[in-house]
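Colleague: Could you take one part of this model and go through it closely, strand by strand and partner by partner? Please then follow the chain outwards to whatever surrounds that part.

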Amino acid sequence: MMLNYFKGEPNSFVIRYRNGKVKTTGEGLTFWYLKHNTSIAVVPTVSQDAPFIFNENTKDYQEISIQGTLSYRLSNPLNAAKLLDFTIDPKTRRYTSKDLDKLIQRVVNAVQANTRNGVNSLSLEDALIKVKELSSVVLDQVQKETDLQSAGIIVESLHFNAVKATRSEERRVGKEC
């Protein structure tokens with residue numbers, strides 16, 4: 001049997017499983033292990049950025065495009081690791097699943113759902129003008145999402161970089177003028 005060495009990064013929470021059970025956990029964990037009975041999960045604990053773009057309809061049935069960025073971090077890596085698979089291949093340090101992408105999509109979905117509620121109550125003109133207020137309201141609502149809280153996800157910031165009428169809406173409005 002050959003021993004392998006793993007050195008964790010200080011900005012990641014490492015979980016070492018032996019025979020399917022949590023053996024040790026910690027930030028930047030370093031240890032020797034046997035490959036045949038050990039799995040290693042690495043949960044990022046630093047702030048992550050996620051860009052997004054989606055279309056929504058205003059209360060006057062006008063379609064707008066919303067582009068933005070959000071920042072989030074995992075405050076409870078053990079809870080996150082219970083819900084999603086953060087197992088890595090120790091040699092390549094690549095995740096063995098696409099669950100990190102699922103995590104990002106979960107946060108973006110929460111933003112989109114709360115944005116939809118806000119946009120649906122605004123006229124096209126108000127949606128285009130009140131971008132900053134809307135992002136502030138949506139951030140507040142997303143931070144209260146129990147699903148995200150239970151996973152240990154903290155949304156730190158949310159910015160709508162662009163809110164525009166969609167191309168078809170721009171053409172329709174242009175013809176009317």
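Modeller: A residue is called buried under 20% relative accessible area, exposed over 50%, and partly exposed in between (1.4 Å probe, protein chains only). Strands (E, at least two residues) and helices (H or I, at least four) are DSSP runs numbered from the N terminus. The model is predicted, so local features are reported only at pLDDT of at least 70 and side-chain atom pairs only at 80 or more, while totals for chains, interfaces and linings use all residues. Numbering starts from 1 along each chain as its sequence is written, and side-chain values rest on heavy atoms, without hydrogens or water.

The part to begin with is strand E5, which covers residues 38–44. Of the seven residues in E5, six are buried, so that the strand is mostly covered. E5 belongs to an open sheet of five strands, whose order is E3-E2-E5-E8-E9 and whose pairing is antiparallel. At the edges of this sheet lie E3 (21–27) and E9 (94–95), each of which pairs on one side only. Two strands are taken to pair when DSSP finds at least two bridges between them. Strands of a sheet pair through backbone hydrogen bonds, and the arrangement can be parallel or antiparallel.

On one flank, E5 meets strand E2, residues 12–18, in an antiparallel pairing with seven bridges. Two of the partnerships can be named: Arg 16 is bridged to Ile 40 of E5, and Ile 15 is bridged to Ala 41 of E5. E5 also pairs with strand E8, residues 87–89, again in the antiparallel sense, over two bridges. Here Ala 41 has Thr 87 in E8 as its bridge partner. Ala 41 is thus the partner of Ile 15 and also that of Thr 87.

The surroundings include a second sheet. This one is open, has three strands in the order E6-E7-E10, and is likewise antiparallel. Its edge strands are E6 (48–57) and E10 (153–165), with pairing on one side only for each. Neighbouring strands in this sheet are turned against each other by 20° on average, direction ignored. For such angles, axes are lines fitted to C-alpha atoms (for helices over the stretch in contact), and values run from 0 to 180 degrees between N-to-C directions.

E6 and E7, the latter spanning residues 63–74, are joined by ten bridges in the antiparallel sense. Glu 56 is bridged to Ile 64 in E7, and Asn 57 is bridged to Glu 63 in E7. In the hairpin that these two strands form, five residues lie between them, and Tyr 61 adopts a positive phi near 60°.

Helix H2, residues 99–119, packs on this sheet and touches E6, E7 and E10, its direction making about 35° with that of E6. Thr 115 is a residue of H2. Thr 115 counts as buried because its relative accessibility is 0%. Contact means heavy atoms within 4.5 Å. With residues up to four places away in sequence left out, Thr 115 touches Phe 54, Ile 66, Val 138 and Phe 160.

Beyond the end of E7, the loop leading to helix H1 (77–83) contains Ser 75. With a relative accessibility of 40%, Ser 75 counts as partly exposed. Apart from residues up to four places away in sequence, Ser 75 touches Gly 152 and Ile 154. Ser 75 and Ile 53 are 22 residues apart along the chain, and 26 Å separates their C-alpha atoms.

Within H1 itself lies Leu 83, which counts as partly exposed because its relative accessibility is 47%. Neighbours within four places in sequence aside, Leu 83 is in contact with Arg 106, Ser 150 and Ala 151. Asp 99 stands 16 residues from Leu 83 in sequence, and the C-alpha to C-alpha distance between the two is 9.3 Å.

Towards the start of the chain, strand E1 comprises residues 3–7 and contains Tyr 5. Tyr 5 has 46% relative accessibility and therefore counts as partly exposed. To return to the part in question, E5 is mostly covered, and it pairs with E2 over seven bridges and with E8 over two.
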